[in-house]
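Grab your viewer and work through a few exercises on helix packing, an interface and some salt bridges. Each one comes with a worked solution.

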There are 2 protein chains.
Amino acid sequence: MSYERDLAEMKGQIDRSLSEFFQEKLSSVHDALTARVVGMIRDFTLNGGKRLRPIISILGHNIFEHEDGRMLKASLALELAQSYLLIHDDIMDESDMRRGRPTVHVEAGNIYASNPRRQKLGENIGIVAGDLAECYAHEVLMGSGFPPERLVRAGAELSSIIETTGYGQVLDIHSSHMEEFCQSDLMRLHLWKTSRYTVQGPLSFGSLLAGRDMDRNLSYYGYLAGVAFQLHDDILGLFGNQEVTGKPVRSDVVEGKKTLLILKAMEMSGESERKFIQSVLGNPGVTDDDLMRLRDIVVDSGSYQYSLDMMERLVSRAKEYLSRVPGDESAKDFLSWLADFMVRRSR
Amino acid sequence: MSYERDLAEMKGQIDRSLSEFFQEKLSSVHDALTARVVGMIRDFTLNGGKRLRPIISILGHNIFEHEDGRMLKASLALELAQSYLLIHDDIMDESDMRRGRPTVHVEAGNIYASNPRRQKLGENIGIVAGDLAECYAHEVLMGSGFPPERLVRAGAELSSIIETTGYGQVLDIHSSHMEEFCQSDLMRLHLWKTSRYTVQGPLSFGSLLAGRDMDRNLSYYGYLAGVAFQLHDDILGLFGNQEVTGKPVRSDVVEGKKTLLILKAMEMSGESERKFIQSVLGNPGVTDDDLMRLRDIVVDSGSYQYSLDMMERLVSRAKEYLSRVPGDESAKDFLSWLADFMVRRSR
């Protein structure tokens, strides 16, 4: 259990640094309106979040170089980039709540409570708020104190990670409307939107800041563990406890998300089940009974077990690649544990 | 006329470099959907635009150091950032057309021509497309070949410019809904959203890439010339020729923009004129006759002349500050001419 304590401790450090960052940012702001928007970005960022990406970037760094506080500072860039993407995501998905609180564009709409265009105005301020968080990401990186050559490479990597995530996002938006969306499209989506963004990218970001090129085996670890992470996320999305995940269990289904669970269930079950799945996917009127039946189909068809098996295989291969990376053993052990943790977490 | 030729030549070089950038980007993309979105960003970027910001950044660099091709490459960052902000702007303003063509989110909506949610899907892809253009901006900068120390400072400056513009954007969104919006709020808006973004920021970006801190007098030049640029833009917005500007003359009025022309006209005219202005501002049903009457009020009240006078004063003070900057005379002469050009252009 010591790794869970380490994880909580790293999260605590990151939270404190984020809080300091926003305190400084707010003290440089001289008008009430700007302060209100910056405050929304701060509250959104500080309210929950597992800090997985900064933590992984710190471990990626620590494999190759001892941490002296600079990496903690630089790692905030990934959490600020996460806020940026989530704020925009919530606008795209028209989500009103995240982590048990109103989303930024909803909060911003409250500024215009009596205005009939409050929703649109809130979304507009939300788009800008996301853009601001992205600026903050580059700022903390550039001010982290690493040698300029490393900063330049990590800065290019940060943009490249967000770029790949953007391509994944486009594919994601598109996927709900593609009749022919198949498992290989889905894997491409996971590699772009989760692996690169959540694991491989942060590891590479950390390695570059340690003055190293990304190790090929470490990269494989990142891609494999990232896909496993996503498969587990999809399981939580359908079977998870809403009270724990903070995310409505209906939302993946209502959004029409074609997860591996769904694709395989359609492939592995009969005509009537397939028709049922098609009728609930992307249907805003899905009932609790529908959800229950969908879960039954996913389990009975063998799709649930298929995802579990794939996750296990991915994690064990990820750890194999990781073991070939030359570097600090304790950082590697932590990452090895993390690969398991990512597919066992309850939120 | 030689400067106009120089301007056109620089624009030509920037256009060619942008075109090469997108060609390379497209050749690294392996699926049709991503290529389609990147193609939209390319078409949007290459279709028109004066390239003012990259040109000004090159001049800011050339005051202090001879250009050897690296600055041209780095300057593209400002044009890509411009695409990013405009793509998001068009979503916020719900603009269907820009520079005589469909805006990116409208174009993206066409992918889903038969889908009832085509508008929302187009906007979602538009948000991501803007985010991608921002990534490209950082990428070209980091790959421009300047020494790392300079890239780090210019990268932080690029983010800081976009950050300030974001605060300006928030104030802009808010301004239409502030009863008490006054001339000093407006000047703050112009300083953030135009001066910093269009003139002072690009000059600073160029100076940093030349290995210099921003010169204080050059900064004053940028802020003053930037406000003058904005005042002229507002005049074009109300009195300009739509065929030449490519922007509907109604749009500023329909958006409820409180320009200096409007604020001063309200201050300097009688009760009935004031009421009339309030009735058309932000009114989507504004007629051609209304616009004509609004123009008459702006001229007859003396507000038009007030803006012209202020512009002249700003430009002349800007040039005064510029003359105190130590550096290459020909780059300075060009900038001096540019200050005049920015308030005389017809589009």
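Buried area is the accessible area, taken with a 1.4 Å probe, that two parts lose on being put together, summed over both. Keep that handy for the first exercise, and keep in mind that this is a predicted model.

**Exercise 1. Size up the interface between chain B and chain A: what area is buried, and what share of it do carbon and sulfur atoms give?**

Step 1: start with who touches whom. On the chain B side 48 residues are in contact, and they meet 48 residues of chain A.

Step 2: turn to area. The size of an interface is often given as the accessible area lost when the parts come together. Between chain B and chain A, about 4300 Å² is buried, and carbon and sulfur atoms give 69% of that.

Step 3: add the charged pairs. There are 6 salt bridges between chain B and chain A. For a concrete cross-chain pair, look at Lys25(A) and Glu163(B), which form a salt bridge with the closest N and O atoms 2.8 Å apart.

**Exercise 2. Which residues of α4(A) and α6(B) meet across the chains, and how are the two helices oriented?**

Step 1: find the helices. α4 of chain A covers residues 70-92 and α6 of chain B covers residues 118-142; they pack at about 165°, their axes 10 Å apart.

Step 2: classify the angle. Angles over 145 degrees count as roughly antiparallel, so α4(A) is roughly antiparallel to α6(B). The crossing of the two is right-handed.

Step 3: list the contact. Tyr84(A), His88(A), Ile91(A) and Met92(A) come from α4(A), and they meet Lys120(B), Asn124(B), Ile127(B), Val128(B) and Asp131(B) from α6(B). By class that's 5 nonpolar, 2 polar and 2 charged residues.

**Exercise 3. Now stay inside chain B: at what angle do α8(B) and α9(B) cross, and at what angle do α3(B) and α16(B) cross?**

Step 1: take α8(B) (residues 183-209) and α9(B) (residues 216-239). Their axes come within 7 Å and cross at roughly 130°. That makes α8(B) oblique to α9(B), and the crossing is right-handed.

Step 2: look at what fills that contact. Residues of α8(B) taking part include Met187(B), Leu191(B) and Leu203(B), while those of α9(B) include Tyr221(B), Gly222(B) and Phe229(B). The contact divides into 11 nonpolar, 10 polar and 2 charged residues.

Step 3: move to α3(B) (residues 52-62) and α16(B) (residues 329-342). Here the axes come within 9 Å and the angle is roughly 150°, which makes α3(B) roughly antiparallel to α16(B). This crossing is left-handed.

Step 4: check the side chains. Leu52(B), Ile56(B), Leu59(B) and Asn62(B) of α3(B) make the contact with Ala331(B), Phe334(B), Leu335(B), Leu338(B) and Met342(B) of α16(B). The class count is 8 nonpolar, 1 polar and no charged residues.

**Exercise 4. How many salt bridges are found over all chains, and where do Glu329(A) and Lys332(A) lie?**

Step 1: the search over the whole structure gives 50 salt bridges.

Step 2: zoom in on one of them. Glu329(A) and Lys332(A) form a salt bridge, with 3.4 Å between the closest N and O atoms. Both lie in α16 of chain A, 3 residues apart, about one turn of the helix.

**Exercise 5. Beyond its sequence neighbours within four places, which residues is Arg295(A) in contact with?**

Step 1: locate Arg295(A) in α14 of chain A, residues 288-300.

Step 2: skip neighbours within four places in sequence, and the contacts are Leu238(A), Phe239(A) and Val249(A).

Step 3: try a C-alpha distance too. Arg295(A) and Ile262(A) are 33 residues apart in sequence, and their C-alpha atoms are 9.7 Å apart.

Definitions and conventions: Residues numbered from 1 in each chain as written. Chains lettered and ligands numbered in written order. Predicted model: local features only at pLDDT ≥ 70, side-chain atom pairs only at ≥ 80, totals over all residues. Heavy atoms only, no water. Axes fitted to C-alpha atoms, helices over the stretch in contact; angles between N-to-C directions. Helix = DSSP H or I, 4+ residues; strand = E, 2+ residues; numbered from the N terminus. Parallel < 35°, antiparallel > 145°, perpendicular 65-115°, else oblique. Left-handed = near helix turned anticlockwise from the far one by under 90°. Contact = heavy atoms within 4.5 Å. Nonpolar A, V, L, I, M, F, W, Y, C, P; charged D, E, K, R; others polar. Salt bridge = Lys/Arg side-chain N within 4 Å of Asp/Glu carboxyl O.
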